[in-house]
Amino acid sequence: MARIAILGTRESGKTVLMTVLAKRYQNRVGNEPFLKAMDPRTMAFTEKNWHRLTVERDWPPLTPPGELMQLHWELEHAGQSHGMQLFDFAGETFRQVFGKHQLTDPAVRNRLGTDPSCGPLLAELDRADVLVLLINLRDFINRNNAPDGLEHLLENQWALRGALDYFAPRLKNRIALVFTQIDQYPELVNGRRMWRDVLREHLPATQIADIYQNLSCMGVAAVPETELAVGADRQPFLRPAANFSSWFLESLMEFTVKTCAVVRADEEDREAQRIAAQLLADEQRAEQEAKECKAKALQSLGWAGGSLVVGLLLLANRNDWGGLLIIGAVAMTIHGAVQFGNRPVVRQRNVPPPLPKR
Ligand SMILES: Nc1nc2c(ncn2[C@@H]2O[C@H](COP(=O)(O)OP(=O)(O)OP(=O)(O)O)[C@@H](O)[C@H]2O)c(=O)[nH]1
Ligand SMILES: [Mg+2]
């Protein structure tokens with residue numbers, strides 16, 4: 001089971017992206033990946049949000065802080081099937097937790113772990129196998145003059161950098177940086193800018209482009225076609241267009257398939273190593289027991305030899321105890337032989353060598 005954490009600041013597009021991804025891959029089409037919802041919660045999450053986007057033609061509500069939605073799909077591709085668990089939680093919580101603290105400090109991590117508002121979330125994130133970090137450029141471009149000001153900009157920046165600093169040592173190349181809602185930046189898409197350069201240009205303070213040079217970077221738009229509408233508050237807003245398509249979800253799916261396969265291979269490595277360690281322990285125990293049995297058998301034979309000699313001497317001196325000692329010697333010989341015969345058989349090791357780490 002690959003546990004995939006999707007992190008991103010408020011309105012970075014987590015809920016919409018997960019919904020659209022699940023719907024776009026919900027049918028088996030040739031050799032394409034296929035996503036199968038595995039529980040009622042996952043199906044309800046996808047269907048309700050999709051209904052909202054395509055029938056009500058509006059956006060799903062923002063995820064309330066404190067909510068931690070665990071969604072479970074089975075990803076089938078190229079004859080393989082991978083369990084895939086995704087988390088959805090509020091971007092506001094992400095900013096509060098990662099934007100304001102330095103989680104790489106174990107004291108800070110431990111303190112936050114006991115905080116009921118984020119402890120359970122951090123515990124889940126610590127078990128994640130893959131990280132997908134969403135970036136909404138709107139959070140970073142021309143943000144200094146926004147009402148929430150420089151403070152929010154700084155926290156959003158550190159949230160991304162802090163999350164990478166925290167997860168990258170453990171997850172290594174199982175991390176993707178995904179620019180979302182890129183339909184809003186046609187100049188970047190049409191100009192075919194490399195996403196790494198976009199990172200360097202628009203989030204220079206984070207230094208992510210230079211520190212994490214091998215991260216997978218991509219851009220997607222779950223709902224690139226929108227149209228102007230007037231909301232209940234008489235304010236104009238952009239709503240999803242009818243029959244909207246999606247841009248570049250394939251690159252995100254390709255990354256997902258690849259990392260799910262890596263997680264599976266890692267799990268198999270760990271299982272092989274666990275079995276090898278178990279076999280080795282069994283073998284060492286059997287060796288120890290065999291040694292103890294041999295020692296007991298030798299001890300019995302020693303006593304038997306001694307009793308035999310003394311018994312014969314006594315018999316030679318017409319002492320009746322000699323007969324008893326000889327019977328005892330025979331009994332001890334039999335006991336020793338039984339001990340020796342019952343010693344555990346130490347099998348030849350047949351353990352595969354540990355596989356190289358991926
Ligand atoms: N143009 C465009 N807008 C999008 C797209 N995806 C999301 N949005 C906009 O971004 C808003 C937030 O999307 P969500 O998916 O709810 O964002 P979120 O990251 O789940 O937000 P929180 O739940 O607050 O963390 C939506 O209400 C839309 O206005 C997209 O692909 N294109
Ligand atoms: Mg959400």
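Before the ligand, one convention: Ala, Val, Leu, Ile, Met, Phe, Trp, Tyr, Cys and Pro count as nonpolar, Asp, Glu, Lys and Arg as charged, and the others, Gly among them, as polar. By that scheme, the shell around ligand 1 holds 9 nonpolar, 9 polar and 4 charged residues. Please keep in mind that this is a predicted model.

Staying with the ligand: 22 residues surround ligand 1, and the closest are Thr15, Val16, Trp59, Thr63 and Gly91. Which helix gives the most to that shell? Helix α1, residues 14–24, does, with 3 residues.

Next, the sheet. It is an open sheet of 7 strands, and reading across, the order is β2-β3-β4-β1-β5-β6-β7, with mixed pairing. The edges are β2, residues 34–37, and β7, residues 216–219, and each of these pairs on one side only. From one strand to the next, the twist averages 25°. As a reminder, strands of a sheet pair through backbone hydrogen bonds, either parallel or antiparallel. At the β2 edge, β2 pairs with strand β3, residues 68–77, in the antiparallel sense, over 4 bridges. If you want a residue pair to look at, Leu35 has Leu75 in β3 as its bridge partner.

Two helices lie across this sheet. Helix α5, residues 119–126, lies across β1, β3 and β4, and runs at about 20° to β3. Helix α8, residues 195–202, lies across β6 and β7, and runs at about 90° to β7.

Now a helix pair. Two packed helices are described by the angle between their axes and the distance between the axes. For helix α3, residues 91–99, and helix α6, residues 149–171, the angle is about 75° and the axes are 8 Å apart. An angle of 65 to 115 degrees counts as roughly perpendicular, so α3 is roughly perpendicular to α6. Which residues of α3 meet α6? They are Phe94, Arg95, Phe98 and Gly99, and on the α6 side they meet Glu155, Asn156, Trp158, Ala159, Gly162 and Ala163. The residues of this contact divide into 5 nonpolar, 3 polar and 2 charged.

Some backbone points. Phe248 has a positive phi, near 60°, and is not a glycine. Phe248 sits in the loop between β9, residues 236–240, and α10, residues 249–316. Arg318, also not a glycine, has a positive phi of about 55°, and lies in the loop between α10 and α11, residues 321–341. Is Arg318 buried or exposed? Arg318 is exposed, because it has 7 C-beta neighbours inside 10 Å, and 12 or fewer counts as exposed. Phe248 has 17 other C-beta atoms within 10 Å, so Phe248 is partly exposed.

Last, two residues and their distances. Pro61 is in the loop between α2, residues 40–54, and β3. Pro61 counts as exposed because it has 9 C-beta neighbours inside 10 Å. Pro61 and Gln184 are 123 residues apart in sequence, and 20 Å apart in space, C-alpha to C-alpha.

Gly322 is in helix α11. With 19 other C-beta atoms within 10 Å, Gly322 is partly exposed; the buried class starts at 20. What does Gly322 contact, leaving aside its neighbours within four places in sequence? The contacts are Gly311, Leu312, Leu314 and Leu315. Gly322 and Leu21 are 301 residues apart in sequence, and 92 Å apart in space, C-alpha to C-alpha.

Key: Residues numbered from 1 in each chain as written. Chains lettered and ligands numbered in written order. Predicted model: local features only at pLDDT ≥ 70, side-chain atom pairs only at ≥ 80, totals over all residues. Near = placed C-beta within 6 Å. Axes fitted to C-alpha atoms, helices over the stretch in contact; angles between N-to-C directions. Parallel < 35°, antiparallel > 145°, perpendicular 65-115°, else oblique. Contact = placed C-beta atoms within 7 Å. Pairing = 2+ DSSP bridges.
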